[in-house]
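Here's a quick walk through the fold you're about to see. Have the viewer open and follow along.

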Amino acid sequence: MEWSKIKNIILLILLLLNGSLLVTALQQEWKQKQDASASLTQVLQALDKNGISVSRSVLPEEKELPTLLVEQENLQTPPEQAQALLGHCSWEDEGGSVRLVYTGAAGRLETFSNGHFSAEFNPGEMMLNRQEPIAHGLEKLSCLEFGGELTGRRSSGEEETLTFRQSLDGVPVFNAVVELHYQNSALYTMEGQRIFGEVTLLEESDMLNVPTMLMRFLGQRNESGRMFSQIDSITAGYYLSGSRPYTLTPVWYVETDSGPYILNGSDGKVL
């Protein structure tokens with residue numbers, strides 16, 4: 001047999017083999033999707049039997065978030081960030097770098113080594129000058145390397161409070177939240193928690209899938225007597241630890257008609 005014919009036969013065999021493998025992989029993927037859909041249907045039925053309504057439209061896609069280590073051992077606000085916010089300022093160490101107080105022409109900034117901070121601004125120093133409050137607030141927060149999104153806005157007369165939540169590469173950090181208070185078209189206080197600096201991989205993801213997380217949430221709800229009857233949204237994100245070494249733990253953030261709950265991503269326990 002000529003060599004060219006042998007090569008064609010070999011190529012045909014390889015094509016048939018690849019086609020067979022592709023069909024097998026597609027069948028397995030289809031079966032996995034069918035199994036996942038059936039599992040989710042059973043979970044939704046269990047929730048409904050326990051008086052909890054949840055629409056499929058609010059269920060998120062599966063998420064794989066690793067545990068991260070914040071490389072900054074001290075989340076204390078450095079002088080360059082304080083000066084970006086207050087202008088030229090002096091500072092006092094009032095607790096072995098645990099608590100620093102910066103004072104400048106624009107006001108006073110008190111910061112702590114765990115990333116918590118509060119600021120009070122002098123009258124006339126943080127005027128909106130026709131700028132929209134949300135844009136103004138994000139601009140001031142950027143001085144402290146805080147980037148995120150608006151999660152709350154409430155007004156009363158001449159006062160307005162904006163709540164921002166920090167995000168890391170688009171993933172929300174649910175307890176890194178700052179409130180900004182405006183009065184008479186000027187920012188007069190801000191307070192909250194933030195992170196900054198580089199992060200590195202600490203552990204690979206072991207997040208629960210959505211059906212498993214919901215069943216564990218249901219179990220805890222029934223055991224604890226927590227009362228809610230509707231799940232409005234479910235979002236994957238991070239939770240910042242409260243002590244060194246600072247870590248970002250994957251969590252599920254579940255909003256219900258009685259308030260939000262934060263569940264550990266790996267075991268589903270309510271934090």
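A helix here is a DSSP run of H or I with at least four residues, and helices are numbered from the N terminus. With that in hand, look just after α2: Gly87 takes a positive phi of about 80 degrees there. Keep in mind that this is a predicted model.

Now for the helix itself. Which residues of α2 (residues 79-86) are buried? They are Gln81, Ala82, Leu85 and Leu86. Looking down the axis of α2, you'd find these buried residues within an arc of 115 degrees, so they line one face of the helix. That buried set packs against β2, β3 (99-104), β4 (107-112), β5, α3 (133-142) and β9.

One of those packing partners, β2 (residues 89-93), holds Ser90. Is Ser90 buried or partly exposed? Ser90 counts as partly exposed, because its relative accessible area is 47% and buried would mean under 20%. Leaving out residues up to four places away in sequence, Ser90 touches Val101, Tyr102 and Thr103. Take Val101: 11 residues separate it from Ser90 in sequence, and the C-alpha to C-alpha separation is 8.4 Å.

Next up is β9 (residues 186-193), a mostly covered strand with 6 of its 8 residues buried. Its pairings look like this:

| Strand paired with β9 | Sense | Bridges | Residues standing opposite |
|---|---|---|---|
| β5 (residues 116-121) | antiparallel | 5 bridges | Phe117 and Gly192 |
| β8 | antiparallel | 6 bridges | His181 and Thr189 |

β8 and β9 also make a hairpin, with 2 residues between them. In that turn, Asn184 has a positive phi of about 55 degrees.

Finally, the nonpolar interior. The largest nonpolar core has 37 residues, and the members touching the most others are Met213, Leu214, Ile231 and Leu248. Several elements chip in at least two residues each: α1 (3-49), β1 (67-70), β8 (171-183), α4 (210-224), β11 (231-240), β12 (247-256) and β13 (259-264). For a feel of the packing, pick Met213: setting aside residues up to four places away in sequence, Met213 touches Leu208, Ile234, Trp252, Val254 and Leu263. There's a second, separate core too, with 24 residues, including Ala82, Ala119, Met126 and Leu162. You've met Ala82 already, as one of the buried residues of α2.

Terms used
Residues numbered from 1 in each chain as written. Predicted model: local features only at pLDDT ≥ 70, side-chain atom pairs only at ≥ 80, totals over all residues. Heavy atoms only, no water. Core = buried A, V, L, I, M, F, W, Y, C linked by side-chain atoms within 4.5 Å. Buried < 20%, exposed > 50% of the residue type's maximum accessible area, 1.4 Å probe, protein only. Contact = heavy atoms within 4.5 Å. Pairing = 2+ DSSP bridges. Arc of directions from axis to C-beta.
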